[in-house]
Amino acid sequence: MPAVVLVGAQWGDEGKGKATDLLGSEVHYVVRYQGGNNAGHTVVIGDQKYALHLLPTGVLSPEVVPVIGNGVVIDPGVLLAEIDGLRERGIDCGRLLISASAHLIMPHHKALDKVTERYLGKARIGTTGRGIGPAYGDKIARMGVRVQDLLDPGILGKKIEVALNEKNQVLTKVYNRRGIDPAKVLDEYLGYAERLKPHIADTSLVLSQALDEDKVVLLEGGQGTLLDIDHGTYPFVTSSSPTAGGACIGAGIPPTRLTRVIAILKAYTTRVGSGPFPTELTDEAGDWLRTTGGEYGVTTGRDRRCGWFDAVIARYATRINGVTDFFLTKLDVLSGLERIPVCVAYDVDGVRHDEIPMTQTDFHHAKPIYEELPGWQEDISDAKSFDDLPAKARDYVRALEEMSGAPISAIGVGPGRTQTLAIRPLV
Ligand code: IMP
């Protein structure tokens with residue numbers, strides 16, 4: 001009954017799509033457990049590139065059942081457009097299951113996400129503007145609209161009306177925007193209901209039965225550990241729990257079922273949006289990492305902020321998630337450097353910190369303490385096994401493993417499906 005969690009170890013965009021896809025052949029169910037269409041996974045199969053936002057990566061493997069868990073917030077229009085886009089490319093999403101308890105992103109969530117960011121000015125979070133925060137806010141405030149409400153037009157109408165009674169006041173009186181017409185929203189969402197109905201299921205029950213039957217369930221997190229609402233760099237975080245604990249809540253699986261936690265760790269660090277980032281490079285080294293690594297957002301197209309590897313964060317990810325294995329991605333991007341700086345600790349106002357500082361203020365003041373590791377000049381993108389790597393690349397990997405506190409079990413050396421070096425089986 002293996003239930004394997006896949007989490008981002010840093011600020012997201014570590015290359016989870018590649019890892020999920022790699023595991024695809026051994027996995028029966030792939031479950032998204034939090035987030036929404038703020039996420040973006042790129043999977044490259046042959047000469048085809050797929051950018052997925054809401055659908056679990058498993059949708060690309062015909063033998064896998066893709067599941068959107070209760071912890072996800074769903075923009076139904078975006079989901080249907082993604083399904084249609086894949087169908088046009090010959091990929092059938094008929095197997096997709098959507099939790100009846102997942103929440104829906106409504107038009108007022110998107111309107112509020114954009115307008116509140118604008119009002120925050122310099123203090124803005126840099127959200128993806130997809131309505132994620134407001135949708136989770138309403139979930140916690142018990143004002144949310146859920147997928148199951150699509151099955152009952154009477155209830156759906158009432159919920160939309162109650163929500164807009166309040167939200168229209170906020171939009172018009174606080175933010176000076178136009179109100180939203182509840183009848184139009186109901187109409188639009190009833191249209192989505194027709195198409196989504198066949199996919200709606202009690203996914204917690206389905207997954208529990210699958211685990212009883214010894215099926216392999218992969219729980220795929222969006223974003224990353226440092227974007228977690230509780231354990232990330234609050235308030236510059238997303239509004240859900242990407243960390244491993246969130247997988248249980250967002251999929252309806254008890255913690256005792258989890259067998260493995262795989263964290264995806266990029267060989268350097270990136271972040272999108274605002275917030276502290278100790279190893280950020282604002283000089284040409286940062287530009288070099290961005291262009292060489294292709295560090296532009298899948299969802300928003302924004303430039304990602306880039307910096308050297310941060311071992312303090314990797315250790316933190318190990319601790320918070322109980323990482324059993326790391327999947328190190330994008331090692332090939334670092335080829336050609338003479339020396340590679342790696343952050344081993346922080347200096348906070350003259351005091352050395354080996355762990356992430358307790359307070360936001362201290363984290364904002366953290367300056368990286370670097371160790372330099374020798375680089376390698378060879379192109380490694382054709383390597384087929386760990387032993388094919390040049391000695392200095394192997395040493396870099398071993399050093400990262402030592403500093404991060406969990407074994408590196410796979411290494412990505414390029415975007416393609418086959419450009420992965422397996423060290424230990426992941427399932
Ligand atoms: P939100 O999730 O749209 O509310 O955005 C909150 C923060 O999380 C912003 O800094 C976003 O840039 C960041 N974020 C959200 N999703 C992703 C992702 O998939 N990768 C990286 N950053 C993300």
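Domain bounds here come from an automatic or database domain assignment. The model is predicted.

**Exercise 1. The two domains**

Find how the chain is divided, and describe how the two parts meet.

*Solution.*
Step 1. Mark the bounds. Domain 1 covers 3–91 + 202–422, and domain 2 covers 103–198.
Step 2. Take the C-alpha centres of the two domains; they lie 29 Å apart.
Step 3. List the residues in contact, that is, those with heavy atoms within 4.5 Å. Domain 1 contributes 28 residues to this contact and domain 2 contributes 21 residues.
Step 4. Turn to area. The size of an interface is often given as the accessible area lost when the parts come together. For domain 1 and domain 2 this buried area is about 2000 Å², with 58% of it on carbon and sulfur atoms.
Step 5. Look for the main contributors on the domain 1 side. Val 73, Pro 76 and Leu 80 supply 28% of the area that domain 1 buries against domain 2, more than any other three residues.

**Exercise 2. The sheet**

Write down the strand order of the open sheet of 10 strands, and explain which strands stand at the edges.

*Solution.*
Step 1. Read across the sheet. The order is β9-β7-β5-β2-β10-β1-β11-β15-β19-β20, and the pairing is mixed.
Step 2. Go to the two ends of that order. β9 (200–201) and β20 (420–422) each have a single partner strand, so one side of each is left without a neighbour in the sheet.
Step 3. Check one pair inside the order. β2 (residues 29–32) runs parallel to β5 (residues 65–68), and 4 bridges link the two strands. Within this pair, Tyr 29 is opposite Val 65 of β5.

**Exercise 3. A pocket and a cavity**

Compare the linings of the second largest pocket and the largest cavity by residue class.

*Solution.*
Step 1. Begin with the idea behind the search. Rolling a probe the size of a water molecule over the atoms shows where empty space is left.
Step 2. Describe the pocket. The second largest pocket has a volume of about 250 Å³. Its lining has 15 residues, and Tyr 136, Lys 139, Ser 239, Ser 240 and Ser 241 lie nearest the centre. Two elements, α4 (132–140) and α8 (244–251), give two or more residues each; α4 gives the most, with 4 residues.
Step 3. Relate the pocket to Exercise 1. At least three lining residues come from each of domain 1 and domain 2.
Step 4. Describe the cavity. The structure has 1 cavity of 30 Å³ or more, and the volume of the largest cavity is about 30 Å³. Met 106, Pro 107, His 108, Val 145, Ile 160, Ala 163, Leu 164 and Val 185 line this cavity. α3 (107–120) and α5 (153–174) each supply at least two of the lining residues, and the largest share, 3 residues, is from α5.
Step 5. Set the classes side by side. The pocket lining has 5 nonpolar, 8 polar and 2 charged residues. The cavity lining has 7 nonpolar, 1 polar and no charged residues.

**Exercise 4. Backbone exceptions**

Locate the cis peptide bond and the positive phi of Asn 176.

*Solution.*
Step 1. Recall the usual case. Most residues other than glycine have a negative phi, and most peptide bonds are trans.
Step 2. Find the cis bond. Tyr 234 and Pro 235 are joined by a cis peptide bond with omega about 5°. Pro 235 sits in the loop between β10 (217–220) and α8.
Step 3. Find the positive phi. Asn 176 is not a glycine, yet its phi is about 60°. Asn 176 is placed in the loop between α5 and α6 (182–196).

Note on methods:
Residues numbered from 1 in each chain as written. Predicted model: local features only at pLDDT ≥ 70, side-chain atom pairs only at ≥ 80, totals over all residues. Heavy atoms only, no water. Pairing = 2+ DSSP bridges. 1 Å grid on protein atoms, 1.4 Å probe; cavity = no way out; pocket = protein on both sides within 12 Å on 5 of 7 lines; lining within 4 Å. Points joined across faces, edges and corners; volume = space filled by probe spheres on them. Nonpolar A, V, L, I, M, F, W, Y, C, P; charged D, E, K, R; others polar. Buried area = accessible area lost by both parts, 1.4 Å probe.
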